[in-house]
Every structure is written in structure tokens, then in C-alpha cells.
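I am opening a fresh page for this structure and will write down what I look up, in the order in which I look it up.

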Amino acid sequence: MQSTTQASVVSSWRKTHERMLGAAMIVAAVAMAVAGLLHPEDSAAGMVMPIWGPVHTVFFLAIFVSLIGVVRVYAIALPQSGWPGLVGFVLFTLGLAGFEGVMLLEAGVMPVLAASDATRGLTEASSSLMTGPLGIWFLFIAVTFSLGAILFGLMLLRVRDVPRWAGPLLVAAPLIAFEPPLPLWLAKVGLVIFSVGFIGLGWGVWKLSERT
């Protein structure tokens, strides 16, 4: 009897956890899309706008939730993932974790540099700051994230317990989401596509609570 009660408590906790995580993933994806649409241009003028800091703070929080969600989705997909899925999961999570550092830099450092005449030039893409090790690190994070999202999205095409339509969206988003040289509006389209795909992942986690 006690064992049955404990199992019931564990099952109830698990369902609640799945619902909360799924809802958090959906909210984070919507917030990411809205923040992306409000994102100013990547220039010194854009960095000193009042909305610059809040937008990147939203990105930081949304990516944090996304990291937790990706771990849960991979746990669901594990029996069907294979080696490509594992590689995609590792690269995807590393890319998301790397973007957390980028968002902190964007929110707390770049506006300070852009606000001063002495350091404003460092925010330009052609500056010694952006073409040096920091710029290489940014490129590494972007490539890692992109490859991870593509492999992770392809893995989702074989997973039954997560909406499969989310997979192609995660594959497509990194192909158009980075700028320059692509225009900012196209990067925003890519971010919205990614966010919609992540809404699908959140919905899959939420629905999992009905099967556990």
C-alpha cells in the first residue's frame, strides 16, 4: 500500500513537472520571438536605445529555459536518437550555453562601449575587438549552435512523442537567422521560425504529462 502511494506521488509530481516545463518552454519561445521582433539594429545607435538591454535580458532568460527544455526533449528522444542525435544534442546545448554569455555581454557591456565616444568604435564589426579572439568566439558559438540545431531538428523527424513539424523549423531557422551579411529583417524571420519550432517542443513536453 505504501509503495503504491509513493508511486502515485511520484507520478503526480512528474506530471506537474512536465506541465510546468512545457508551459515555460512555450512562454520562453513566445518571449524570444517578441524580443527578436523588437531588437534594434546591431550598431552603436541601436545599442544605446533603451530597449536594447531589456531585449537581451529576455533572450538570456528564454535561452536558459530553452537549455532545460532541450535536455528534456532529448531524454524523450533518446531511444530513437542515434549518434547524429547525440552529436546534435551536444552541439545544440553548447551553442545555447554559449549564447548565454553573448547575451550578458550584449546587455551589460556593449551599451557601455557604445555610449562613450572613446570606445564606440569597438562596437563596429570591423573593429579590433570584433575581428580578434572575441569575434572568433562569436563565430564558433554561431556555427556550433547552427550545426546542433540542424542535427537536433533532423533527429526530431524520427521521434514519435514530439511534434515532428518542429524539426524542419529548427533546421531552417539557423540557415537564415544570422546577420550580417544577411539583413536584420531576415534574421528576425529566422528567430520567429526557431521560436515556433520551440513552441512545438514545449507542447510535446506538456502533452507528455498526459502519458506518464
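**Helix crossing, cores and one buried residue**

I began with two helices of this predicted model, and found that the axes of helix H3 (residues 52-108) and helix H8 (residues 184-208) come within 11 Å and cross at roughly 70°. Angles of 65 to 115 degrees count as roughly perpendicular, and therefore I noted H3 and H8 as roughly perpendicular to each other.

Next I listed who makes this contact: H3 brings Phe59, Ser66, Val70, Arg72, Val73, Ile76 and Phe92, while H8 brings Leu191, Phe194, Phe198, Leu201, Val205 and Leu208. Sorted by class, the contact of H3 with H8 has 11 nonpolar residues, one polar and one charged.

I then turned to the largest nonpolar core, which has 40 residues, and wrote down those with the most contacts inside it: Met25, Val73, Phe92, Phe152, Leu156, Phe194 and Leu201. Two or more residues of this core come from each of H1, H3, helix H6 (133-156), helix H7 (166-176) and H8, and H3 gives the most, with 17 residues.

What does Leu201 touch, if I leave out residues up to four places away in sequence? I found Met25, Val73, Phe152, Leu156, Val162, Ala166 and Leu170 around Leu201. Apart from the largest core lies another, of eight residues, including Ala44, Trp52, Ala114 and Met130.

Last, I looked at Glu18, which has its place in helix H1 (residues 2-38). Because its relative accessible area is 2%, I entered Glu18 as buried, and I added that its side chain makes a polar contact with the side chain of Arg72 at 2.7 Å.

Note on methods. Residues are numbered from 1 along each chain as its sequence is written. This is a predicted model: local features need pLDDT of at least 70, side-chain atom pairs count only at pLDDT 80 or more; totals for chains, interfaces and linings use all residues. Side-chain values use heavy atoms; hydrogens and water are left out. Helices (H or I, at least four residues) and strands (E, at least two) are DSSP runs, numbered from the N terminus. Buried means under 20% relative accessible area, exposed over 50%, partly exposed in between (1.4 Å probe, protein chains only). A polar contact is a pair of N or O atoms within 3.5 Å; within protein, one must be able to donate a hydrogen and the other to accept it, and residues adjacent in sequence count only if both atoms are side-chain atoms. Axes are lines fitted to C-alpha atoms, for helices over the stretch in contact, and angles run from 0 to 180 degrees between N-to-C directions. Angles under 35 degrees count as roughly parallel, over 145 as roughly antiparallel, 65 to 115 as roughly perpendicular and the rest as oblique. Contact means heavy atoms within 4.5 Å. Ala, Val, Leu, Ile, Met, Phe, Trp, Tyr, Cys and Pro count as nonpolar, Asp, Glu, Lys and Arg as charged, and the others, Gly among them, as polar. A nonpolar core is a set of buried Ala, Val, Leu, Ile, Met, Phe, Trp, Tyr and Cys residues joined through side-chain atoms within 4.5 Å.
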